[in-house]
Amino acid sequence: MDSVKVKTAITKVRKEDGLVVDFDFSKISSTTAHVISQTGEGSDEDVQKIIANVAGQLERYSVRKDTGPSLQELESIVEEELKKDNFHFAADIFSLIADH
């Protein structure tokens with residue numbers, strides 16, 4: 001599966017320890033694409049749709065430009081979008097990867 005290129009207004013993300021770091025959406029898109037590919041649950045089109053939906057969900061955090069969403073909020077958004085499209089195994093795998 002090809003990497004999906006999506007832009008978001010989010011430039012920062014807050015780590016669990018409170019540290020605010022630069023946000024690279026390509027890490028989310030490539031991990032999501034990899035998980036869906038490895039689980040065999042979806043197609044390139046499914047990946048594109050999910051990544052676009054995640055980017056759309058992230059826009060509500062654009063008002064917090066200094067801190068952005070927390071990593072936990074970001075992971076929850078991806079997992080919710082995967083589950084919404086019935087990619088439950090992929091959501092579980094994403095959660096395991098994100099926890100490490």
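In the predicted model, helices H3 and H4 cross with right-handed geometry. Two packed helices are described by the angle between their axes and the distance between the axes. For H3, spanning residues 71-84, and H4, spanning residues 88-98, the angle is about 165° and the axes lie 8 Å apart. The orientation of H3 relative to H4 is therefore roughly antiparallel, since angles over 145 degrees fall in that class.

The contact between these two helices draws on Glu-75, Val-78, Glu-79, Leu-82 and Lys-83 from H3, which meet His-88, Ala-90, Ala-91, Phe-94, Ser-95 and Ala-98 from H4. Sorted by class, the residues of this contact comprise 6 nonpolar, 2 polar and 3 charged.

H3 and H4 belong to a protein chain that contains 4 helices and 2 strands. Read from the N terminus, the order of elements is β-β-α-α-α-α. Of the 100 residues in the chain, 35% are classed as buried. Contacts between residues at least 6 apart in sequence were also examined, and 66% of them join residues at least 24 apart.

The loop between H3 and H4 includes Asn-86. The phi angle of Asn-86 is near 65°, which is a positive value in a residue that is not glycine. With a relative accessibility of 57%, Asn-86 is classed as exposed, because the threshold for that class is over 50%.

Asn-86 is also linked to another loop through Glu-41. Glu-41 is located between helix H1 (25-39) and helix H2 (44-58), in the connecting loop. Although Glu-41 and Asn-86 are 45 residues apart along the chain, their C-alpha atoms are separated by 8.7 Å. When neighbours within four places in sequence are set aside, the contacts of Glu-41 are Ile-36, Asn-86, Phe-87, His-88, Phe-89 and Ala-90. Two of these partners, His-88 and Ala-90, also appear on the H4 side of the contact with H3. A further detail concerns Ala-90, whose backbone nitrogen is reached by the side chain of Glu-41 at 2.8 Å. Glu-41 has a relative accessibility of 25% and is therefore classed as partly exposed.

Leu-58 provides a contrasting environment. This residue lies in helix H2, and its relative accessibility of 0% places it in the buried class. Beyond its neighbours within four places in sequence, Leu-58 contacts Thr-8, Ile-10, Phe-23, Phe-25, Pro-69, Leu-74 and Ile-77. Among these partners, Thr-8 is 50 residues from Leu-58 along the chain, and the C-alpha atoms of the two are separated by 7.3 Å.

Ser-70 occupies a position in the loop between H2 and H3. At 12% relative accessibility, Ser-70 is counted as buried, given that the limit for this class is under 20%. If residues up to four places away in sequence are not counted, Ser-70 touches Val-13 and Arg-14.

Technical notes:
Residues are numbered from 1 along each chain as its sequence is written. This is a predicted model: local features need pLDDT of at least 70, side-chain atom pairs count only at pLDDT 80 or more; totals for chains, interfaces and linings use all residues. Side-chain values use heavy atoms; hydrogens and water are left out. Axes are lines fitted to C-alpha atoms, for helices over the stretch in contact, and angles run from 0 to 180 degrees between N-to-C directions. Angles under 35 degrees count as roughly parallel, over 145 as roughly antiparallel, 65 to 115 as roughly perpendicular and the rest as oblique. A crossing is left-handed if the near helix is turned anticlockwise from the far one by less than a right angle, and right-handed if clockwise. Contact means heavy atoms within 4.5 Å. Ala, Val, Leu, Ile, Met, Phe, Trp, Tyr, Cys and Pro count as nonpolar, Asp, Glu, Lys and Arg as charged, and the others, Gly among them, as polar. Buried means under 20% relative accessible area, exposed over 50%, partly exposed in between (1.4 Å probe, protein chains only). A polar contact is a pair of N or O atoms within 3.5 Å; within protein, one must be able to donate a hydrogen and the other to accept it, and residues adjacent in sequence count only if both atoms are side-chain atoms.
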